[in-house]
Amino acid sequence: MPALIARGYRQVGAILPAGIGLRHEDWQNRHRLLTWLTVVCGLSLTVVAAVRHRLDAEWAVASLVIAAMIACAVKIKSQRVASSAVAIGLTTVCAELVMLYDGRTEAHFSFFIAVGVLALYRDWVPFLTFLLATFLHHAVLGSWMPHMTYEHGYGTQHPWFWAIVHSVAVLLAASAQVAAWRLTEAEERRALDDLSQAEAQFTAAFEEAPIAMTMLAADGIVLRVNPAFVSWSGMAGPLPPRSRLSDLPIQLADGRESRLHRDILNGETDVLREERTFRDSEGGLRQVEMHASALRDSAGKLQVIVSHYLDVTEKHQHEKILRKQAREDALTGLLGRRAFESDLGTLVAEYVGQVSVIYIDVDKFKHVNDSYGHSAGDEVLRTIGTRLRAVVPDTAVVARLGGDEFAVATVGSTRAAEDLAMSVAGCFEEPFAIPGERQLTVTASVGLSLPLDAADAGATLQSADMAMYAAKQSGRARVQLFDDAMCEATERRVTAERALQAALEIDPIDQLPVWFQPIVSLESKQVVGAEALVRLRGTGGDLIAPGVFIPLAEETGMIVPLGEHVLRTALAQLVAWGDTVPYMSVNVSPKQLAEPEFVPMLTEALSRSGLADASRLVLEITETSMLERGIDLRDRLLAVKALGVRLALDDFGTGYSSLTWLQSVPADIVKLDCSFVVGLSHDQDKASIISAVLWLAQALNMSVVAEGVEDLADAEALTRAGCPAAQGWFFGRPVEAAAWDPGRRQVLGLPSRQAPAVS
């Protein structure tokens with residue numbers, strides 16, 4: 001039985017609120033409110049009694065009781081006694097109000113109001129005190145003065161019954177307060193559990209964090225530091241009570257503690273990130289990233305500041321090294337391109353019209369690497385850097401721009417810049433020592449751009465680059481001063497490059513038309529083939545000479561898509577002409593031929609064109625340019641031959657080892673360079689050379705085509721020598737497909753035609 005009672009008690013206790021009360025400060029606030037409410041109710045009761053002319057003995061007794069309870073509520077320190085005094089005082093107010101209105105039912109509503117007010121204490125003692133006092137009032141006064149307690153006859157006849165009825169009604173009203181009270185306690189318990197869990201998690205994160213952390217109060221007192229901070233700062237022992245930041249081993253280098261969290265303390269922000277220099281206990285300086293967060297209460301009052309201290313000293317040192325490496329060339333120790341351009345911009349902006357730039361490019365440096373090895377090339381570059389530093393003034397900026405290109409920027413007069421350019425060129429007069437106790441003679445082309453009026457570093461450097469390029473074009477190993485003519489040539493070059501790029505991207509069919517020049521049999525006087533020659537139409541519709549845009553295409557890599565466009569166009573036209581043109585000759589750049597996708601592209605183009613006989617396509621390759629590339633393309637050429645396509649060796653005779661090359665390349669046709677054809681009729685040496693080439697080609701089972709035939713005498717000389725075919729303006733200059741007449745005969749003896757502006 002006792003166990004059953006105990007279990008029932010626990011079950012009831014689980015349902016009812018615990019009544020554990022409030023925090024002292026919260027209880028004081030509520031008790032003060034309810035005490036003042038009792039005072040106001042007591043005064044209001046006196047006003048009601050006066051209005052109803054009932055300032056009698058009952059009112060006097062009630063007033064004394066209320067006053068006594070108010071005094072107890074103010075004076076007594078015990079929370080439950082003081083709150084019970086308020087409960088009795090409010091019960092007395094409600095009872096006297098009922099008596100003043102002679103037991104009117106509406107007056108009893110005051111008890112329902114009071115029970116809700118007393119629930120603010122969230123304590124069973126004052127709550128039950130009110131309920132008990134309410135019952136006693138209805139029962140005792142109902143029996144003693146029923147006419148002043150109940151306004152109906154049933155109440156005066158059965159006061160105890162109605163006392164129970166009223167008490168139950170009040171109790172039911174109180175049950176809603178009890179339920180709200182219970183729910184509030186449950187919510188607060190969950191909130192407290194969440195808060196405890198959050199605090200535990202924060203404590204664990206704070207203590208276990210690998211980053212140094214501190215927690216400061218709003219007044220600057222250090223509340224906590226984590227173990228990482230102890231280790232990082234070198235604290236000898238535990239944190240002394242009421243320590244401030246100034247008491248910790250690590251301090252701001254400038255000693256101004258108040259500035260550390262200034263923005264947070266001033267209320268300007270709740271999150272602060274700043275990088276400061278700290279001095280550790282050994283006097284060393286450390287760069288530290290501090291992240292501080294302010295925690296405020298609901299009123300916005302600062303409670304604590306949690307700070308993280310991330311030591312970024314090593315990071316800064318590493319970044320400093322990286323910045324130095326980014327600015328310096330690793331091989332020579334000079335500035336790199338970006339650093340030079342940046343410093344040049346600063347110089348030009350500061351010394352407008354006083355900055356000269358010297359641009360240096362080592363002549364044929366690729367030959368050094370290919371012949372002596374890259375270690376020798378690197379040693380030459382290092383020596384150049386050393387020699388340049390020795391001859392330039394301390395105020396000059398000297399850099400290796402990349403590869404074998406160097407630059408010097410100097411401030412001063414025109415004469416001083418010219419003298420310095422000559423000194424720079426003089427750096428290459430002495431031979432260069434390379435590994436293996438050998439010496440190597442190296443020359444350089446030097447361009448000089450004198451000071452410009454405008455503060456444009458890019459223009460200054462570009463001008464020096466143009467001058468260097470002009471020095472190379474003039475024969476290398478010299479100093480060239482920039483002038484306006486170079487600028488005009490460069491502008492034309494840039495215009496052509498932009499036109500070529502736009503043509504390839506937008507409309508190659510219209511902007512890059514393919515023209516055709518006939519190849520004629522010297523025996524039958526008939527057209528036996530055609531050579532496809534591309535043209536570039538400028539923005540104004542004028543044609544740009546191939547000698548301008550073809551080298552640009554080679555330099556920029558646009559020769560690959562350009563060559564593919566010409567090949568596909570030529571194949572389509574050859575198929576359209578049918579058998580009237582036996583074969584089509586198309587020039588192929590070495591860069592295009594060296595592309596891994598060239599043979600697959602050629603295969604696909606042949607298939608798509610519908611050309612039945614692949615031998616009607618002849619690809620022309622240049623011996624000189626292929627020799628300069630220094631790579632073996634024999635396998636690539638054999639793959640082309642496997643498709644049935646024929647090969648022609650173009651510009652034969654201009655290379656360094658033409659006869660050897662003629663034997664090694666699987667060519668079907670040899671095209672004699674025009675330099676051997678022009679003036680052939682009156683030059684016996686040229687006639688002997690052509691006869692030898694014709695004999696060798698016949699021995700190797702190759703055909704020969706002579707290029708550049710411009711007059712009848714040379715054509716007749718070629719015929720007498722036994723040359724099978726030729727092409728040139730004498731037979732016909734390049735024309736568009738629409739102007740081509742494949743059925744015409746080209747008869748020797750026709751007058752020579754004037755060379756057009758574009759060839």
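Two strands count as paired if DSSP finds at least two bridges between them, and the elements themselves are DSSP runs numbered from the N terminus: helices are H or I runs of at least four residues, strands are E runs of at least two. With that in hand, let's walk through this predicted model, where local features need pLDDT of at least 70, side-chain atom pairs count only at pLDDT 80 or more, and totals for chains, interfaces and linings use all residues. Residues are numbered from 1 along each chain as its sequence is written, and side-chain values use heavy atoms, leaving out hydrogens and water.

A good place to start is an open sheet of five strands, ordered β8-β9-β7-β12-β13 with mixed pairing. Its edges are β8 (397-402) and β13 (479-481), each of which pairs on one side only. On average, neighbouring strands here are turned by 20 degrees against each other, direction ignored; axes are lines fitted to C-alpha atoms, for helices over the stretch in contact, and angles run from 0 to 180 degrees between N-to-C directions. Within this sheet, β7 (residues 355-362) and β12 (residues 444-449) run antiparallel over six bridges, and D361 has S445 of β12 as its bridge partner.

Now look at helix α14 (residues 374-391), which lies across β7, β8 and β9 (405-411) and runs at about 10 degrees to β9. Contact here means heavy atoms within 4.5 Å.

The other stop is an open sheet of six strands with antiparallel pairing, in the order β2-β1-β6-β5-β4-β3. Here β2 (222-225) and β3 (251-252) are the edge strands, each pairing on one side only. β3 joins β4 (residues 271-279) in the antiparallel sense over two bridges, with Q251 standing opposite R279 in β4.
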